[in-house]
Amino acid sequence: MTFATPHLPAGSAADGGPYTLDISPEQAGWEYSSLRVLVLAPGSTHTFTSGDSEWIVLPLAGGCAVTVDGRPFELEGRKSVFAGVTDFAYVPRSAHVTLGSRTGGRFALAGARCERRLPARYGPAEAVPVELRGTGACSRQVNNFAAAGAFECDRLIAVEVVTPGGNWSSYPPHKHDEHRAGQESELEEIYYFEIDGDAGLGYHRVTPSRRGGTDVLAEVRDGDAVLIPDGWHGPSIAAPGHDMYYLNVMAGPGPEREWLIRDHPDHAWIRATWPEQPLDPRLPFYLAPGEMT
């Protein structure tokens, strides 16, 4: 059974157990991308099998111990997604996984169906490339922890974006819903949002790139998700006074693991204006530990 709408308000895709968000390929109506958000109480544990997918365990708030087929990884984690870059653990397909947290926390499990079984391994926070993208009101920060060129996976691509309140992100609108060699990748994408501050909100837009394609204008709040099987996506707009975080999880059938996009032709010109404007002085929110001075 698939979700009735691409916009999944917080709690609407919970599994009735420890997952406050549980998106499988079957529920999304596609082939590859998955996302779960796991909440662990202090001292509790959770086990799962990775099945036919590779996964990254990414702390959103708190730290945890991850054991993959008997091999332990200790994740220091972070206080919140607005507080710093985090370390993470890669889980291969066909593995048995246990997560435990002494102090409790919230953890994203970003997944993708895959063919190769790569080794389980630890991703240190200090190795995460932090990119400042755009300028002016389009300024935002991108933590490329599992970008195609930053960390090896079989199909999974995942990054974090943090946008200062009042700014536009995922702009200009872009798409990656068909394979064009050297120009565009075919990737299914999930946006998972967290908004800083009480009653925080933002807005997210997806416009159709084909007849009958995805069409979304959503007011997004803390814990919401948006599914993007196709279409021009963006902007993601952070309301003034409320910084916006989103986790992007992507995977697709292409022969190469790569993120190639095409900008919407009506809005692509905005990139040419960026060199004329200063970067938002609120950025960076933080750097990876190895980049701090």
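## A loop residue with positive phi

Ser-94 is located in the loop that connects strand E7 (88-91) with strand E8 (96-101). The model described here is a predicted one. Within that loop, Ser-94 has a phi near 60°, a positive value in a residue other than glycine. Its relative accessible area is 47%, and because the range between 20% and 50% counts as partly exposed, Ser-94 falls into that class.

A second residue with this backbone feature is Asp-69, whose phi is positive at about 50° although the residue is not a glycine. Asp-69 belongs to the loop between strand E5 (53-68) and E6. With a relative accessibility of 46%, Asp-69 is also partly exposed.

## The open sheet

Seven strands, written as 7 strands in the order E1-E21-E18-E23-E13-E12-E11, form an open sheet with antiparallel pairing. The edges are held by strand E1 (7-8) and strand E11 (130-133); each has a single partner strand, so one side of each has no neighbour in the sheet. In general, the strands of a sheet pair through backbone hydrogen bonds, in either a parallel or an antiparallel manner.

Inside this order, E12 and E13 are joined by 4 bridges in the antiparallel sense. One position of this pairing sets Gln-141 opposite Val-162 in E13.

## Arg-133 at the edge strand

Arg-133 is part of strand E11, which is one of the edge strands of the sheet. The side chain of Arg-133 forms a polar contact of 2.9 Å with the side chain of Glu-131. When neighbours within four places in sequence are set aside, Arg-133 is in contact with Cys-138, Ser-139, Arg-140, Val-142, Asn-144 and Trp-259.

The C-alpha atoms of Arg-133 and Cys-64 lie 30 Å apart in space, and the two residues are separated by 69 residues in sequence.

## The largest pocket

The largest pocket holds about 270 Å³ of space. Its lining consists of 23 residues, and those nearest its centre are Arg-133, Val-159, His-174, Asn-248 and Trp-259. Two of these names also occur together elsewhere, as Arg-133 touches Trp-259.

Strand E12 (140-146), strand E13 (157-163), strand E18 (188-195) and strand E23 (244-251) each contribute at least two residues to this lining. These strands also appear in the order of the open sheet. By residue class, the lining of the largest pocket comprises 13 nonpolar, 6 polar and 4 charged residues.

## The second largest pocket

The second largest pocket contains about 190 Å³ of space. It is lined by 15 residues, with Glu-76, Gly-77, Val-85, Ala-125 and Pro-289 nearest its centre. Strand E6 provides the largest share of this lining, 3 residues. The lining divides into 8 nonpolar, 3 polar and 4 charged residues.

## Arg-78 in strand E6

Strand E6 (residues 71-78) includes Arg-78. Arg-78 has a relative accessible area of 7% and is therefore buried, since the limit for that class is under 20%. The side chain of Arg-78 makes a polar contact of 2.4 Å with the side chain of Glu-160.

Beyond residues up to four places away in sequence, Arg-78 touches Leu-58, Pro-59, Leu-60, Ala-61, Gly-62, Gly-84, Val-85, Thr-86, Glu-160, Tyr-245 and Tyr-286. Among these contacts, Val-85 is also listed with the residues nearest the centre of the second largest pocket.

## The enclosed strand E22

Strand E22 (residues 232-238) has 6 of its 7 residues buried, so the rest of the structure largely encloses it. Strand E19 (residues 202-207) pairs with E22 over 5 bridges in the antiparallel sense. In this pairing, Thr-207 stands opposite Trp-232 of E22. Strand E14 (residues 168-169) is likewise antiparallel to E22 and is joined to it by 2 bridges. Ser-169 has Ser-236 as its bridge partner in E22.

## Cis peptide bonds

The peptide bond between Gly-234 and Pro-235 is cis, with an omega of about 5°. Pro-235 lies in strand E22, the strand with 6 of 7 residues buried. Another cis peptide bond runs from Leu-283 to Pro-284, where omega is near 0°. Pro-284 is found in the segment that follows strand E24 (262-263).

Conventions. Residues numbered from 1 in each chain as written. Predicted model: local features only at pLDDT ≥ 70, side-chain atom pairs only at ≥ 80, totals over all residues. Heavy atoms only, no water. Buried < 20%, exposed > 50% of the residue type's maximum accessible area, 1.4 Å probe, protein only. Polar contact = N/O pair within 3.5 Å; in protein donor to acceptor, adjacent residues only side chain to side chain. Contact = heavy atoms within 4.5 Å. 1 Å grid on protein atoms, 1.4 Å probe; cavity = no way out; pocket = protein on both sides within 12 Å on 5 of 7 lines; lining within 4 Å. Points joined across faces, edges and corners; volume = space filled by probe spheres on them. Nonpolar A, V, L, I, M, F, W, Y, C, P; charged D, E, K, R; others polar. Pairing = 2+ DSSP bridges.
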